[in-house]
Amino acid sequence: MLLNCLAKQIRALPSTFTAACRLSTVAIENSEFNEVEEPPLVYGGYTQLRQAWVSNLDTIKENPSTIIDLHPQVFGSRPRIDIIHENVVWQRKYRYVSYANTKVTAEVNMSSKKPWPQKGQGRARHGTRRSPLFKGGSVIHGPRSHTTHFYMLPFYKRVYGLTSTLSVKLIQDDLHVVNNLDLPTDDPGYVNDLVESRLWGPSVLFVDDTDTMPRNISLALNQIKHMNLMPVYGLNVYSMLKYETLVLTVAAVKKIQDRLLYQLHRPDGHQATRKFMLNKQN
């Protein structure tokens with residue numbers, strides 16, 4: 001009885017509705033067999049992947065070959081100029097040692113004899129000319145030598161300093177990606193012509209994933225004072241700002257992304273943000 005009622009209701013439906021139902025079922029069946037792989041969503045799909053051309057160094061003329069995807073959390077983050085400035089100040093101060101020194105009363109090379117009698121001359125009472133009240137005497141609360149200005153910047157400020165600087169370099173078109181650092185010759189003139197033709201520089205920093213650099217580029221840059229080589233583990237905010245153009249290899253880009261993404265999402269972040277102790281035990 002119930003099935004007969006349902007059959008009558010279905011027959012009473014408009015033909016357009018039944019046709020639409022048939023089309024929807026056919027579309028669903030086709031979609032099951034024709035699945036299209038979509039790129040992964042980042043930030044819920046609201047942030048697009050950054051991209052850069054992969055160029056070469058074996059010819060002076062630039063020949064871009066492929067396009068590499070750059071993670072937006074590393075190369076597309078919101079630039080924090082205040083954090084970049086804090087990183088620069090920290091890097092300039094943590095290696096600075098002040099050697100300014102002043103003498104206390106016991107260190108002044110002067111007679112300890114009482115300058116004049118205690119009474120009878122109408123002068124103020126003094127026990128020695130080493131006093132800071134006299135010219136050539138000691139200094140009160142003056143600087144003492146070997147004073148370090150070392151301090152440790154908070155962990156995530158160091159990480160965000162790297163991501164902000166890399167993002168700024170990419171936005172300003174001062175970040176370039178190459179397949180490797182192999183040069184056909186060790187002539188410094190070749191590097192100068194290459195940099196001039198591609199509108200890099202004048203100062204250029206080449207970064208690779210290892211500290212064992214190719215022979216030709218090492219000999220060529222050894223005679224050019226405004227260009228330098230650096231491995232990934234030495235990359236820092238101060239050096240990226242010191243050199244106008246930053247050139248990364250494909251292997252360096254992958255290693256930088258892997259390391260920074262791990263630091264941004266590391267499971268033991270609460271331990272990394274603990275107060276820095278100079279002589280702490282690992």
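**Exercise 1.** Find the residue of E8 that is the bridge partner of valine 207, then place E8 in its sheet.

*Solution.* Valine 207 has leucine 248 as its bridge partner in E8. The model is a predicted one, in which local features need pLDDT of at least 70, side-chain atom pairs count only at pLDDT 80 or more, and totals for chains, interfaces and linings use all residues. Residues are numbered from 1 along each chain as its sequence is written, and side-chain values use heavy atoms, with hydrogens and water left out.

Step 1: fix the terms. Helices (H or I, at least four residues) and strands (E, at least two) are DSSP runs numbered from the N terminus. Two strands pair if DSSP finds at least two bridges between them.

Step 2: take the E6 side. Strand E6 (residues 204-208) and E8 run parallel and are joined by 4 bridges. Valine 204 of the protein has threonine 245 as its bridge partner in E8.

Step 3: take the E5 side. E5 pairs with strand E8 (residues 245-249) in the parallel sense, over 4 bridges. Leucine 175 stands opposite leucine 246, and valine 177 has leucine 248 as its bridge partner.

Step 4: continue outward from E5. Strand E1 (residues 50-55) pairs with E5 in the parallel sense over 2 bridges. Here valine 54 is matched with valine 177 of E5 as its bridge partner.

Step 5: assemble the sheet. The order is E2-E1-E5-E8-E6-E7, an open sheet of 6 strands with mixed pairing. Its edges are strand E2 (66-70) and strand E7 (227-231), each pairing on one side only. From one strand to the next, the twist averages 30°. Helix H5 (residues 155-171) packs on this sheet and touches E1, E2, E5 and E8; a contact means heavy atoms within 4.5 Å. The direction of H5 makes about 90° with that of E5, where axes are lines fitted to C-alpha atoms, for helices over the stretch in contact, and angles run from 0 to 180 degrees between N-to-C directions.

**Exercise 2.** Are the residues of E8 buried or exposed, and what of the two faces of E5?

*Solution.* Step 1: set the cut-offs. Buried means under 20% relative accessible area, exposed over 50%, and partly exposed in between (1.4 Å probe, protein chains only).

Step 2: apply them to E8. Because 5 of the 5 residues of E8 are buried, this strand is largely enclosed by the rest of the structure. Thr245, Val247 and Thr249 point one way, and Leu246 and Leu248 the other.

Step 3: apply them to E5. In strand E5 (residues 175-178), both faces are covered: Leu175 and Val177 are buried on one side, His176 and Val178 on the other.

Step 4: set this against the whole chain. Of the 282 residues in the protein, 34% are buried.

**Exercise 3.** Check the length of H9 and locate its buried residues.

*Solution.* Step 1: the expected span is 1.5 Å times one less than the number of residues. For the 15 residues of helix H9 (residues 250-264) this gives 21 Å, and the end C-alpha atoms are 21 Å apart, which agrees.

Step 2: the buried residues of H9 are Val250, Ala252, Val253, Ile256, Gln257, Leu260 and Leu264. Seen down the axis, they fall within an arc of 155°, so they line one face of the helix; the arc is that of the directions from the helix axis to the C-beta atoms.

Step 3: relate this to helix geometry. An α-helix has 3.6 residues a turn, so residues three or four places apart point the same way.

**Exercise 4.** Which backbone feature stands out at histidine 141, at leucine 199 and at proline 202?

*Solution.* Step 1: recall the usual case. Most residues other than glycine have a negative phi, and most peptide bonds are trans.

Step 2: histidine 141 has a positive phi, near 55°. Histidine 141 lies in the loop between strand E3 (97-98) and strand E4 (147-148) and is exposed, at 81% relative accessible area.

Step 3: leucine 199 also has a positive phi, about 60°. Leucine 199 sits in the loop between H6 and E6 and counts as exposed at 77% relative accessibility.

Step 4: the peptide bond from glycine 201 to proline 202 is cis, with omega near 20°. Proline 202 is placed in the loop between helix H6 (188-197) and E6.
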